[in-house]
Amino acid sequence: MRYSAFSILKNAFSGNRNWAPMWREPQPKPHYDVIIVGGGGHGLATAYYLAKEHGITNVAVLEKSYLGSGNVGRNTTIVRSNYMLEGNEPFYELSMKLWEGLEQDFNYNAMMSQRGIINLFHSDGQRDAYARRGNSMRMHGIEAELLDREQVKKMIPYLNYEHARFPVLGGLLQRRAGTARHDAVAWGYGRGADQRGVDLIQQCEVTGIRRENGVVTGVETTKGFIGCNKLALAAAGNTSTVARMADLQLPIESHVLQAFVTEGIKPAIDNVITYGAGHFYISQSDKGGLVFGANLDYYSSYAQRGNLETVEHTIEEGVSMIPGLSRVRVLRAWGGVMDMSMDGSPIIDRTAIDNLYLNCGWCYGGFKATPASGFCFAHLIARNEPHQVARLLRLDRFRRGFAIDEGGKGPQPNLH
Ligand SMILES: Cc1cc2nc3c(=O)[nH]c(=O)nc-3n(C[C@H](O)[C@H](O)[C@H](O)COP(=O)(O)OP(=O)(O)OC[C@H]3O[C@@H](n4cnc5c(N)ncnc54)[C@H](O)[C@@H]3O)c2cc1C
């Protein structure tokens with residue numbers, strides 16, 4: 001079913017009882033050309049682009065829970081391409097361009113909103129770092145504006161400008177950045193892949209990877225053995241456990257990140273704002289809730305829930321930046337499991353096992369990467385060679401000493 005203003009009208013007249021389901025509920029076939037492990041944003045986008053761009057449709061996405069139950073439906077929805085390093089910037093800008101046409105492309109309302117992101121700075125040193133980042137973006141052909149304190153004050157007057165310890169001195173603005181409705185992105189890609197013949201198989205956990213003579217022949221699952229020619233892992237926070245089934249040890253640690261939503265209030269925050277004196281980011285959803293988050297809980301975990309200490313820390317940072325936040329009630333908080341890489345940048349690569357492909361290391365920035373990740377991973381799987389913009393996101397970069405350390409924090413995954 002194609003969605004349009006006409007289909008909304010037509011279905012309204014029949015009491016909205018005739019909408020077709022968004023995707024089928026197929027039973028797994030014995031064998032596929034490609035199996036993708038993980039029905040999150042990246043797995044579904046990969047299936048979509050495999051079918052759409054490369055005509056490969058004998059594909060199954062295996063999801064242990066329901067589609068979108070992982071981080072794709074748990075994040076704070078920020079989309080941006082304000083990266084600095086050569087390994088990242090062209091990749092995230094491709095993602096930004098795909099975001100800009102995504103809703104028309106997959107015929108689904110993902111509520112993409114280019115409301116702009118402002119990264120605040122609070123010291124001279126931080127201003128220099130943001131000026132450098134902005135310059136690097138502009139050299140890659142991406143717009144960036146360095147705002148002084150008065151310009152920021154005009155745009156967002158409700159910040160605490162008088163904070164003696166963390167004065168707001170200005171901000172780096174990317175106007176094309178913004179937010180998108182996270183679970184709608186999973187649904188849009190899932191629906192688009194299903195329409196092209198991809199089998200989306202929910203409640204199907206991969207429990208083992210079968211290999212013969214050094215190549216993968218298929219996966220053991222809770223729905224039995226399923227064979228494949230190529231196996232692609234897009235399991236985000238569970239990547240290391242799934243990869244271990246093929247005896248792969250990866251430079252990934254799993255950590256929890258929490259998100260928070262307040263009660264709905266009248267429109268107050270027009271942009272995405274990040275606090276440079278700590279690590280706090282906030283935007284307002286279309287329903288009026290303030291959506292925010294901060295740092296990781298600082299120890300490894302596979303639990304999709306976080307700790308009170310981090311809740312306290314997050315709220316403290318938020319109130320330091322926007323004092324009025326103390327008057328708003330938090331309604332919900334939850335956690336997601338992040339696949340933190342050693343340099344904070346992702347991996348889209350082949351592995352030492354010829355027909356096993358890897359997509360991971362998204363840390364807490366993988367939502368914005370969803371379109372380019374799916375696009376480049378599909379390219380790699382279909383052609384056995386990396387896409388130009390993902391050519392540096394290699395697994396062996398750690399061995400070769402070519403880390404892509406955007407934050408300059410060294411090999412400590414929970415700091416990125
Ligand atoms: C609180 C929070 C805030 C965030 N904020 C942002 C943000 O503002 N901007 C941004 O860009 N990024 C953000 N992120 C990061 C982003 O959400 C992730 O990097 C990205 O969603 C990861 O890719 P994915 O969507 O494919 O992951 P997921 O949705 O987690 O998909 C992986 C899937 O694999 C499945 N799976 C795992 N093991 C198996 C198995 N054995 N068999 C079958 N299926 C399996 C899981 O159930 C899961 O559904 C945030 C994350 C969190 C948790």
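Q: What volume does the second largest pocket have?
A: A pocket is an open space with protein on both sides. In this predicted model, the second largest pocket has a volume of about 580 Å³.

Q: Which residues lie closest to the centre of that pocket?
A: Lining residues have an atom within 4 Å of a pocket point. Here 24 residues line the second largest pocket. Closest to its centre are Arg-181, His-182, Ser-285, Lys-287 and Val-291.

Q: Which helices and strands each supply at least two residues of this lining?
A: Look for helix 6 (182–195), strand 12, strand 14 (280–284), strand 15 (289–300) and strand 16. Strand 12 gives the largest share, 4 residues.

Q: How many lining residues are nonpolar, polar or charged?
A: Sort the residues by class. The lining of the second largest pocket has 6 nonpolar, 11 polar and 7 charged residues.

Q: Now the ligand. Which residues come nearest to the ligand?
A: Start with the shell of residues around the ligand. That shell holds 38 residues. Glu-63, Asn-71, Val-72, Thr-76 and Lys-368 come nearest.

Q: Which classes make up the shell around the ligand?
A: Use the class count again. The shell has 17 nonpolar residues, 16 polar ones and 5 charged ones.

Q: Which helices and strands each supply at least two residues of the shell?
A: Two helices and two strands do: helix 2 (41–54), helix 9 (366–383), strand 12 (252–264) and strand 16 (330–341). Strands 12 and 16 also each give at least two residues to the lining of the second largest pocket.

Q: Where does the backbone make polar contacts with the ligand?
A: A polar contact is a pair of N or O atoms within 3.5 Å. At His-42, a backbone N or O atom lies 3.0 Å from a ligand oxygen atom. At Val-206, a polar backbone atom is 3.0 Å from a nitrogen atom of the ligand. At Tyr-364, a polar backbone atom is 3.1 Å from a ligand nitrogen.

Q: How much of the ligand does the protein bury?
A: Begin with the ligand taken alone. It then exposes 1000 Å². The protein buries 97% of that area.

Q: How many helices and strands are in the chain?
A: The chain has 10 helices and 18 strands.

Q: Why is the chain called as compact as a globular protein of its length?
A: Compare its radius of gyration with the globule rule. The chain's radius is 21 Å, and the rule gives 22 Å for 416 residues. The two values are close, so the chain is as compact as a globular protein of that length. Along its principal axes, the C-alpha trace spans about 65 × 65 × 40 Å.

Definitions and conventions: Residues are numbered from 1 along each chain as its sequence is written. This is a predicted model: local features need pLDDT of at least 70, side-chain atom pairs count only at pLDDT 80 or more; totals for chains, interfaces and linings use all residues. Side-chain values use heavy atoms; hydrogens and water are left out. A residue is near a molecule or strand if one of its heavy atoms lies within 4 Å of it. A polar contact is a pair of N or O atoms within 3.5 Å; within protein, one must be able to donate a hydrogen and the other to accept it, and residues adjacent in sequence count only if both atoms are side-chain atoms. Accessible areas come from the Shrake-Rupley method with a 1.4 Å probe; for residues, only the protein chains shown count as cover. Ala, Val, Leu, Ile, Met, Phe, Trp, Tyr, Cys and Pro count as nonpolar, Asp, Glu, Lys and Arg as charged, and the others, Gly among them, as polar. On a 1 Å grid over the protein atoms alone, a cavity is a set of points where a 1.4 Å probe fits but cannot get out, and a pocket is an open set with protein on both sides within 12 Å along at least five of seven lines; lining residues have an atom within 4 Å of a point. Grid points are joined across faces, edges and corners, and a volume is the space filled by probe spheres set on the points. The radius of gyration is taken over C-alpha atoms; the globule rule is 2.2 Å times the number of residues to the power 0.38.
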